Amino acid sequence: MAIEKILKDDASEEKGERARMASFVGAIAITDLVKTTLGPKGMDKILQSTGRGHGVTVTNDGATILKSLHIDNPAAKVLIDISKVQDDEVGDGTTSVVVLAGELLREAEKLVAAKIHPMTIISGYRMAAECARNALLQRVVDNKENAEKFKSDLMKIAMTTLSSKILSQDKEHFAQLAVDAVMRLKGSTNLEAIQIIKKPGGSLMDSFLDEGFILDKKIGLGQPKRIENAKILVANTAMDTDKVKIYGARVRVDSMSKVAEIEGAEKEKMREKVQKIIAHGINCFVNRQLIYNFPEELFADAGVLAIEHADFDGIERLALVTGGEIASTFDNPESVKIGHCKLIEEIMIGEDKLIHFSGVEMGQACTIVLRGASHHVLDEAERSLHDALCVLSQTVNDTRVLLGGGWPEMVMAKEVDELARKTPGKKSHAIEAFSRALVAIPTIIADNAGLDSADLVAQLRAAHHKEGCNAGIDVISGSVGDMAELGISESFKVKQAVLLSATEAAEMILRVDEIITCAPRQREDRM
Amino acid sequence: MALAFDEYGRPFIILKEQDQKTRLRGLEAQKANISAGKAVARILRTSLGPKGMDKMLQSPDGDVTITNDGATILEQMDVDNQIAKLMVELSRSQDYEIGDGTTGVVVMAGALLEQAEHLLERGIHPIRIAEGYEMASRMAVEHLDHIAQKFDFGPTNIEPLVQTCMTTLSSKIVNRCKRPLAEISVKAVLSVADLERKDVNLDLIKVEGKVGGKLEDTELIYGITVDKDMSHPQMPKQIQDAKIAILTCPFEPPKPKTKHKVDIDTVEKFQTLRQQEQKYFDDMVQKCKDVGATLVICQWGFDDEANHLLMHRNLPAVRWVGGVELELIAIATGGRIVPRFQELTPEKLGRAGLVREKSFGTTKDKMLYIEHCANSRAVTIFIRGGNKMMIEETKRSIHDALCVARNLIRNNSIVYGGGSAEISCSIAVEAAADKYPGVEQYAIRAFADALDSVPMALAENSGLQPIETLSAVKSQQIKENNPHFGIDCNDVGTNDMREQNVFETLIGKQQQILLATQVVKMILKIDDVISPSDY
């Protein structure tokens, strides 16, 4: 008798070899897709959205590419997920993590074809990953004590990160921007405090870091355009009409004159509120919510600069830089902390007017103004800068640093190879495969740069046979170079995250021997 | 498809829309049911044991789950067949009752069905088979009682508990760091356990996960974590010796339940109303301050004004905390949940040694840790891992481990794992079968064969020769009269499970056998399947 059907109509089930095949194929396809973006000579991708307007994104960032893809293959989804997590957790290495996981699976496929059980491969991979991590731990450089050296480390890391992005032309400039911005955070990882404003026009070189704070708003009409020694009150309060918040209250009148009276009372109330605010002795008032014309006029009369409708992050940052607090009630002016800054003025960037707060008390927040030829360039520049900022802020917390340019991979591969030779049993094949997967990364970097990867990697391997070697791929000259001299560095935290999450993902996919896809949910609105 | 005919051969219509239904009856129905049950068991068979494989499941919405947990696989599979649904229920009830062994129970049921099929072909009546199974299962359960061992543990000697949890975790993807996870689970259970009453309220253990980091970073927090941050960005991020006011009323003017309207018709009224409102906010905050609270946790939101007033009075606050979390916080800090400001008194405040906000990663992810609580009964297991699926799977694995630890506290009898208990039962049932007169003898013997299928699947998944290994272990058990021999899945070199420290709980095993037998009995009794045909 035929086997009873136990799943729903559209559901599919793949078992054993076929399931493994399906996940390998999916994962490797994803890897091949992002592989070409790896390294300083990696290429970009154009992504066109299917939504309205068919918006175009040009990017080199692995996480952004993968996020925008609509994938049906479950194994591929696992890879996308790890890249997303990498982005959230450390910000950079989003392509590397996918490529490494993909290479691990590619090697695993060969081993499975050679009749090695997936569980054996997994245990081999685990040993190898542990060994690779230890190898890295032995070679890390930690310059926490030496502030001068540490800063140069940060600079190198920022340049390495930026070199694979669109900003590579002006990487020194941007690395300096990023390092300065992160140093201002003083160890916090809250990147919200760094505001990035994008203004099309000018060239990338015109981008700058502003010590103060720039708010993308206009100054109200008839109000002073320039205030020195400003006292700023940052508020989050309704400045349109103050609603009565007691439940069920409503206005019920029986004549027109009453309406006028109540309107008058309302106005009076607003006037009082404004008076109270002005009584704080301020000359600048920034509100998160709208300010209607009437109170705005009152402010203008009092010579107070009123800025309405700043976004929430903007308010928070402003409070952070000026040292004031975000106020919502104004009854005790003596205890509200008011922010200070030396100068508020309206500045022009390109065609837009912005408000610039300079000489602020607390230097924690800052603004980076990006200039560039088009929106696409700016978007990509922002993503690149974000990556650099993430990496730097993580490095400030975990100050261990490694060399870059394929150096860590070669160090790990060497140690893992040693381990493979010492390990008896089938596991040693898996460990060897792990080392091959690690070597694949410098190979891809070289390939993307149009170099003879086979030759270069062989040279690298030979160079790494010596103890304490700093050799890596120098993409610019197309040869093996000393990474310490070239100043190519990477953060240990990023490398470790790449290694661990790639192994974890590969393991997860390898353990699967059956894929069950449920029937897709029926959507009614689609015809 | 007709059920009955009158004398002219015209069909009586008995069922509604009779001709649109399909019907299977008799042996055919039983065989169809058995094959459906077997199909489900076959899917799970490969995930049994420490070398078992995982399944990847794609939900109707395209989300991917990768798991090894029988109950989860079946639940997510979205099965359509009625008998298959019974199997899903089976594994779910094992999950509710015991928490672990959800794969084993389905494999067992599948094996019983397979044996029943052979017996049916030989013409034995299904009810006789069912009765034979019932008897055999009773024998097996008794035998388990017989071979079970009690072991002692106490708050100081947790090693046996850890070992048992490790057995559970070894079949999951987290087996890389099963030792720390097992320790975390045991410590968590022990800290909430009521050792005198032998009861554990697992609700007090919260399992939280956040992507990022690595599995080794998973930690046990003696306190609560809340996925929220302070309501005002400038409130202090760390509070020592916090006195916590736990509120379920919003920082807003009251909304009486009775319908009412406040009419404003004069300027005076408008103004008094306004003053009232202001006073109201002020009063609320003042009340919190007066009773000495240093942290306010609220189930609802606050108005901007209230928020600022709180900030102003130096009273940090957390808003939109969920009901369950609120309850946990109340338990942990020994506070009372206060529904009205008027009822706030100093005694009702909860106490915690340290409350701090911690941020993760590069995004603005923040969590609130409430630690060193007055009553350390509530704990949180905080899982970190490389990706979302990993975290979900770890959560499920930890849940299993927690359940196992709980079961051991309830009843500290254990049997040895690695299939040794099943083999031992199988030998006992087989021997008993020969003494039983009647047709049921065949069914009892079949039951013994079915018991063998679990160790057989274990051996198969571990890459060993199933029949060879099983027969070797069986003969060893009989020869040395020692029920501790099982399948050496990890290639350690010995198959004495006592030496390998592979334990399972007695109630878990017994429940597996009983539940599997019950479901098989139910399936065997069905001789007519009427279903609406699809067209």
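B:Glu422 sits in helix α12 of chain B, which spans residues 420-434. In this predicted model, is the residue buried or exposed? With a relative accessibility of 5%, B:Glu422 counts as buried, because the cut-off for that class is under 20%. Its surroundings can be listed once neighbours within four places in sequence are set aside: B:Glu422 is then in contact with B:Leu451, B:Val454 and B:Pro455, and also with B:Lys509 and B:Gln512.

From here, let's move to helix α11 of chain B, where B:Leu408 lies. B:Leu408 has a relative accessible area of 0%, so this leucine is buried. Which residues does B:Leu408 touch, not counting those up to four places away in sequence? They are B:Phe151, B:Phe153, B:Leu161 and B:Thr164, together with B:Ser413, B:Ile414 and B:Thr505. You can also compare sequence with space here: B:Lys198 is 210 residues away from B:Leu408 along the chain, while their C-alpha atoms are 9.3 Å apart.

Helix α11 of chain B, residues 388-410, also comes up when we turn to α3(B), since it is one of the helices against which the buried residues of α3(B) pack. The others are α1 (26-45), α2 (70-77), α4 (102-121) and α16 (506-525) of chain B. The buried residues of α3(B) themselves are B:Ile83, B:Ala84, B:Leu86, B:Met87, B:Val88, B:Leu90, B:Ser91, B:Gln94 and B:Asp95. Helix α3(B) covers residues 82-97, and its 16 residues reach 22 Å from the first C-alpha to the last, close to the 22 Å expected at 1.5 Å a residue. Have a look at both ends, too. At the start of α3(B), B:Asn81 places a side-chain oxygen within 2.8 Å of the backbone nitrogen of B:Ile83. Just after the helix, B:Gly99 adopts a positive phi of about 95 degrees.

Finally, let's see where a helix of chain A meets one of chain B. Two packed helices are described by the angle between their axes and the distance between the axes. For α8 of chain A (residues 256-278) and α8 of chain B (residues 267-290), the angle is about 40 degrees and the axes are 9 Å apart. Their crossing is right-handed. Which residues of the two helices meet? From α8(A) come A:Glu261, A:Ile262, A:Ala265, A:Glu266, A:Lys269, A:Glu272 and A:Lys276, and from α8(B) come B:Val267, B:Phe270, B:Arg274 and B:Gln278. By class, this contact has six charged residues, four nonpolar and one polar.

Methods:
Residues numbered from 1 in each chain as written. Chains lettered and ligands numbered in written order. Predicted model: local features only at pLDDT ≥ 70, side-chain atom pairs only at ≥ 80, totals over all residues. Heavy atoms only, no water. Axes fitted to C-alpha atoms, helices over the stretch in contact; angles between N-to-C directions. Helix = DSSP H or I, 4+ residues; strand = E, 2+ residues; numbered from the N terminus. Left-handed = near helix turned anticlockwise from the far one by under 90°. Contact = heavy atoms within 4.5 Å. Nonpolar A, V, L, I, M, F, W, Y, C, P; charged D, E, K, R; others polar. Expected span 1.5 Å × (residues − 1). Buried < 20%, exposed > 50% of the residue type's maximum accessible area, 1.4 Å probe, protein only. Polar contact = N/O pair within 3.5 Å; in protein donor to acceptor, adjacent residues only side chain to side chain.
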